[in-house]
Amino acid sequence: MTPLIRSFTRALSPFGLIEASMPGSGKTILTGCVGLLVGQTVQTWTESEDELRKTITTVLADDHGVIVFDNLEEGTVVNSAVLARLMTERTWSDRKLGTNTASTFANDRLWLATGNNLRTGGDVASRTVWVRLDPDCPRPETRTGFTIPNLDSWILDPRNRATVLRHILILILDWTSHGAPPASGAIPQMRQFTAWARHLGGFLEHHGITRFLANADSVRGLDDDNAEWRSFLHAWRDVHGDSRLTAQQLRVSGEPTAGTDPWAGTFPTTPAGKPVTTKSLGRRLAGHVDRWHTDIVLRSAIDSHHNCRTYWVEEAAS
């Protein structure tokens with residue numbers, strides 16, 4: 001629905017992550033049923049921020065309604081500052097490839113990705129809507145009994161796509177003829193995407209489909225960054241209690257002693273698994289001050305007596 005009613009809602013839409021428990025679950029078919037109605041392009045996901053930026057600029061220069069990053073490597077953690085910025089900006093400005101000329105494009109596309117057992121990190125987590133497919137069988141590609149057999153080839157027929165599009169437009173016209181009511185029930189607050197959620201939730205509710213975004217709480221555990229920091233802060237609380245520590249004091253306490261690790265492997269390390277330096281640890285801590293990680297938060301203050309910054313951890317009240 002999102003690409004078809006965007007001109008009416010004028011709402012930013014979040015990143016759509018369609019992931020499954022195993023191959024053959026139907027992820028690509030699902031994105032194709034959306035993209036083939038409004039035009040799609042399939043791209044390869046890259047961990048390089050520079051390459052991702054170039055890809056975004058290239059596809060925005062075309063008129064595809066849906067951009068799909070298909071079949072990310074199993075277990076990929078989607079954590080990109082470039083993607084996070086894209087999701088919250090109405091326009092995208094970048095230099096044209098091979099030139100020094102900057103171009104600006106309207107960010108009016110639907111961005112999707114597919115893969116098995118994916119996770120998110122950083123700011124991408126709060127800018128993503130999850131679709132989880134779990135066929136719960138050993139060979140999902142052999143399933144039968146579908147209302148539309150061989151949906152992947154059925155949707156390629158232009159006549160079938162026209163039929164689907166006609167029915168969707170009828171549903172939209174019915175909703176708008178009743179005043180396009182927004183969702184009346186509880187819809188999760190999604191910052192820039194709350195308007196999108198209320199419109200989509202209202203459309204579905206008008207047609208008797210409930211529980212839109214009902215999985216919002218359950219998928220928070222798929223945020224790797226949040227999970228790692230939550231474990232670290234809880235270990236911090238267990239090791240140091242209410243004590244206020246400098247980054248240097250905390251770094252020293254992170255060293256295993258006598259072959260034991262009181263942090264149970266939660267203390268921050270470099271990508272290579274090496275202990276972080278005091279300076280690096282201080283930067284990481286500064287980036288998470290006052291940010292709640294589910295039920296625990298890092299606090300900070302300046303110790304005027306010693307003229308240094310100290311940190312401590314607080315848990316949410318029971």
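This section describes the nonpolar cores, one helix pair and one open sheet of a predicted model.

The largest nonpolar core comprises 42 residues. Within this core, Phe15, Ile56, Phe69, Val78, Leu83, Trp111 and Trp196 touch the most other members. Both helices and strands supply the core with two or more residues each. The helices in question are H3 (49–60), H4 (81–87), H6 (158–177) and H7 (194–206), and the strands are E1 (15–20), E3 (66–72), E7 (110–116) and E9 (128–133). Apart from this core lies another, made up of 17 residues. Trp229, Phe232, Leu233 and Trp236 are among the members of that other core.

The surroundings of Phe69 were examined further. When neighbours within four places in sequence are left aside, Phe69 is in contact with Phe15, Leu52 and Thr55, with Gln43, Thr44 and Trp45, and with the run Trp111, Leu112, Ala113 and Thr114. Thr55, one of these partners, is part of helix H3. The relative accessible area of Thr55 is 16%, so this residue is classed as buried, the cut-off being under 20%. With neighbours within four places in sequence again excluded, Thr55 is in contact with Gln43 and Phe69. Gln43 is thus listed as a contact of Phe69 and also as a contact of Thr55.

Helix H7 also packs against helix H1 (residues 2–9). The angle between H1 and H7 is about 115 degrees, and their axes are 11 Å apart. The crossing of these two helices is right-handed. On the H1 side, the contact involves Thr2, Ile5, Phe8 and Thr9; on the H7 side, it involves Trp196, His199 and Leu200. By class, 4 of the residues in this contact are nonpolar and 3 are polar, with no charged residues. Trp196 of H7, which takes part in this contact, is also named among the residues of the largest core that touch the most other members.

An open sheet is formed by 3 strands in the order E10-E11-E12, with antiparallel pairing. Strand E10 (292–293) and strand E12 (308–315) are the edge strands, each pairing on one side only. The antiparallel pairing of E10 with strand E11 (residues 296–303) extends over 2 bridges. In one of the bridges, His293 has Ile296 of E11 as its partner. Helix H8 (residues 224–240) lies across E10, E11 and E12, and runs at about 100 degrees to E12.

Terms used
Residues are numbered from 1 along each chain as its sequence is written. This is a predicted model: local features need pLDDT of at least 70, side-chain atom pairs count only at pLDDT 80 or more; totals for chains, interfaces and linings use all residues. Side-chain values use heavy atoms; hydrogens and water are left out. A nonpolar core is a set of buried Ala, Val, Leu, Ile, Met, Phe, Trp, Tyr and Cys residues joined through side-chain atoms within 4.5 Å. Buried means under 20% relative accessible area, exposed over 50%, partly exposed in between (1.4 Å probe, protein chains only). Helices (H or I, at least four residues) and strands (E, at least two) are DSSP runs, numbered from the N terminus. Contact means heavy atoms within 4.5 Å. Two strands pair if DSSP finds at least two bridges between them. Axes are lines fitted to C-alpha atoms, for helices over the stretch in contact, and angles run from 0 to 180 degrees between N-to-C directions. A crossing is left-handed if the near helix is turned anticlockwise from the far one by less than a right angle, and right-handed if clockwise. Ala, Val, Leu, Ile, Met, Phe, Trp, Tyr, Cys and Pro count as nonpolar, Asp, Glu, Lys and Arg as charged, and the others, Gly among them, as polar.
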